[in-house]
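Please open the structure in a viewer and keep the selection tool at hand. The stops below proceed from a whole chain to its domains and then to its partner.

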Amino acid sequence: MEQSLLVSIIATGVIAGTPILYAAIGEIFAEQAGVINLGVEGMMLVGAVTGFMVTLQTESHWLGAGAALIAGGLMALIHAFLTITLRANQVVSGLALTVFGTGLSGTIGKNLIGIPLPTTFKPVPVAGLSEIPWLGPILFQHDWLVYLGYGLVILCWFVLYKTKTGLKVRAVGENPGAADAAGIHVFAVRYACVVIGGMLAGIGGAYLSLAYAPSWLENMTAGRGWIAVALVIFATWNPSKAFFGSLLFGAVDVMGFHLQTLGITISSFFLKMLPYLITIAVLILVTRETKKRHVATPGALGVSYNREER
Amino acid sequence: MRCEWMAKIHFEKRNTTAKWVLFLVPILSIVVGLCFAGIFIVTTGKNPLDVYLLMFEGAFGSAYGLSETVVKAIPLMLTGLGVSLAFRMQLWNIGAEGQLYMGAMGATWLALRFPEWPAYLLLPGMLLLGFLLGGIWGLIPAIPRAFLKVNETITTLLLNYVAILWVDYLVYGPWKDPNGFNFPITAPFSENAILPVLGPSRIHVGLLIAFVATILLFVILRYTKWGFEIRVSGESAVAAQYAGMNYVRNILLVMFISGGLAGIAGMTEVSGITQRLQHGISPGYGYTAIIIAWLARLNPWAIVVVSFVFGGLLVGGYSIQTSGFSAATVAMLQGAILFFVVGGEIFIEHRLRLGGKGGKP
């Protein structure tokens with residue numbers, strides 16, 4: 001009994017953590033290249049509503065997820081143009097993206113509230129693996145987007161740390177002037193990373209509207225985009241650590257539900273505060289630790305690159 | 001393999017920025033932002049021009065609309081001044097929304113606890129508590145920011161959710177009006193806890209409070225040593241510390257006052273408008289404040305002017321909701337405007353050269 005409860009908390013934590021994981025890995029790409037994008041929340045919302053609309057129209061949740069990917073990428077393109085080409089303030093541009101995305105998703109989703117979807121992402125247990133005690137139910141009884149998330153963690157970790165491309169990305173984020181002198185096209189790398197970041201945030205949002213809670217609700221991300229931004233710091237810009245972080249935040253997210261089944265009654269308002277409060281607490285602890293261990297943030301994070309002032 | 005078109009766009013630094021550029025860029029930002037958002041309005045099957053006309057009429061076309069625009073401008077001014085102070089020090093306080101809610105809560109507590117106090121005691125008391133609680137809500141993320149460099153953008157934003165949930169807990173729970181038909185509202189305030197109105201409208205004394213705050217902030221920033229310190233710290237934290245300024249203390253103080261101003265906005269809203277605490281007292285004033293502060297280039301006087309424009313945008317937003325638009329549409333317009341404000345900034349210090357050669361002049 002005790003064991004099965006723990007397993008089910010972690011298993012639901014994996015699901016609840018998936019949208020945050022996609023968004024955080026996307027943000028890792030942007031930040032590794034030196035661009036902070038605080039528009040994650042907005043990109044997720046636009047991804048969620050686009051995925052929902054396209055699934056409704058085409059009756060294919062895969063097309064929905066694909067559309068969310070494109071929509072998120074287009075949103076990120078705005079941020080890329082403003083911050084990379086026009087050298088705008090990254091913090092304010094990102095905030096604008098969140099405000100705009102919140103408004104845009106609310107506007108085009110006005111008439112979608114309460115409509116059921118014809119098809120959604122459903123759990124597909126992996127033959128064999130799902131039978132493993134503990135690990136099976138925790139990792140291998142979920143839907144396809146969760147499995148793709150695992151693959152993405154490994155792929156992105158490999159690309160960022162084990163390939164020449166990853167080295168270029170990190171060089172651009174660390175010292176764009178030097179990277180430029182070495183013949184790397186700083187603008188192109190930054191554009192690509194920011195847009196990839198938006199695409200993944202878009203899928204993260206679509207996971208909410210197509211798998212986690214298949215429906216459309218205004219502001220349905222409820223701050224998950226911001227938690228993803230915090231998760232990037234928690235993970236010290238490393239995709240593999242982001243996976244464990246997303247598990248933690250996912251577990252906190254579903255904690256309230258599990259506490260209620262245990263018969264512990266806390267006001268639902270306090271339970272809803274938990275993810276935000278724990279994110280803040282973790283952020284403080286991690287910032288302290290990273291300072292002690294001298295984990296370097298990307299050197300040029302948040303700084304626009306101006307070739308003429310090289 | 002360089003992208004050719006990128007090399008063709010080239011910004012050349014202006015030696016001096018003409019005054020008209022300073023005015024033209026923000027005005028153009030608003031116009032172009034509305035055009036950009038119009039593309040998305042078309043996808044909903046409506047004509048954006050009709051929509052904007054309807055909004056403009058709603059906000060500025062009648063005495064009632066105009067007075068409501070002023071009513072909305074009051075909390076926008078106060079929160080806008082608050083975030084602009086923090087922004088000056090490069091502190092990204094995006095928690096004005098939560099600070100407003102906490103200020104409203106503080107003011108409400110006093111109004112419900114001592115309803116019989118005379119107005120000359122109760123109203124200043126509510127103002128003080130609103131300032132104090134908003135200030136504390138700004139101070140909480142400032143402490144880890146000042147001592148550990150914990151990213152305040154994320155913490156201030158996350159605290160918004162906490163503050164709103166906390167107020168919801170109160171109005172759905174312990175503070176719920178027993179005679180309120182189960183609505184998430186507190187009991188109505190006593191006569192003494194309500195800000196007087198100016199003339200026959202909903203415009204209340206909060207307008208004067210906002211003006212006083214504007215003047216105070218202007219004087220502090222322009223004429224005091226502390227204001228000078230804030231401006232220097234904003235330019236360079238290192239320089240401020242070398243000059244012997246107490247950087248940590250300034251962070252804490254600036255965030256406290258920044259939150260406090262938003263807290264006052266919460267007080268004037270519950271005392272002047274809703275006359276009780278209730279669920280959803282703010283339609284996102286704290287977020288709009290960020291856009292206002294940036295559009296006004298952090299100048300207190302400009303914040304006053306821009307607040308009226310955005311107050312009108314909010315009122316206009318209400319008038320299009322009846323024709324099938326979501327309340328979120330206003331946020332879309334605001335976001336679009338901000339895109340062009342931040343994107344337009346480069347044109348204030350640079351001029352665009354097409355087809356020119358990149359590289360040092």
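Two residues are in contact if their C-beta atoms, placed from the backbone, lie within 7 Å. Please bear in mind throughout that this is a predicted model.

First, select chain B. Chain B holds 15 helices and two strands. Its radius of gyration is 22 Å, close to the 21 Å that the globule rule gives for 361 residues, so chain B is as compact as a globular protein of that length. When the chain is turned along its principal axes, the C-alpha trace spans about 75 × 60 × 40 Å. Of the 361 residues in chain B, 50% are buried.

Next, colour the domains of chain B. Domain 1 consists of 1–46 + 328–361, and domain 2 covers 65–324. The centres of these two domains of chain B, taken over C-alpha atoms, are separated by 30 Å. Where they touch, ten residues of domain 1 of chain B are in contact with nine residues of domain 2 of chain B. Which element gives the most to the domain 1 side? It is H14(B), with nine residues. By class, that side has eight nonpolar, two polar and no charged residues.

Now display chain A as well. Here 48 residues of chain B are in contact with 45 residues of chain A. On the chain B side, select the elements that give two or more residues: helices H2 (19–43), H6 (119–148), H7 (152–172), H12 (285–295) and H14 (329–344). H14(B) provides the largest share, twelve residues. By class, the side of chain B that touches chain A has 30 nonpolar, 13 polar and five charged residues.

Technical notes:
Residues are numbered from 1 along each chain as its sequence is written. Chains are lettered from A and ligands numbered from 1 in the order in which they are written. This is a predicted model: local features need pLDDT of at least 70, side-chain atom pairs count only at pLDDT 80 or more; totals for chains, interfaces and linings use all residues. Helices (H or I, at least four residues) and strands (E, at least two) are DSSP runs, numbered from the N terminus. Ala, Val, Leu, Ile, Met, Phe, Trp, Tyr, Cys and Pro count as nonpolar, Asp, Glu, Lys and Arg as charged, and the others, Gly among them, as polar. Domain bounds come from an automatic or database domain assignment. The radius of gyration is taken over C-alpha atoms; the globule rule is 2.2 Å times the number of residues to the power 0.38. A residue is buried if 20 or more other C-beta atoms lie within 10 Å of its own, exposed if 12 or fewer, and partly exposed in between; C-beta atoms are placed from the backbone.
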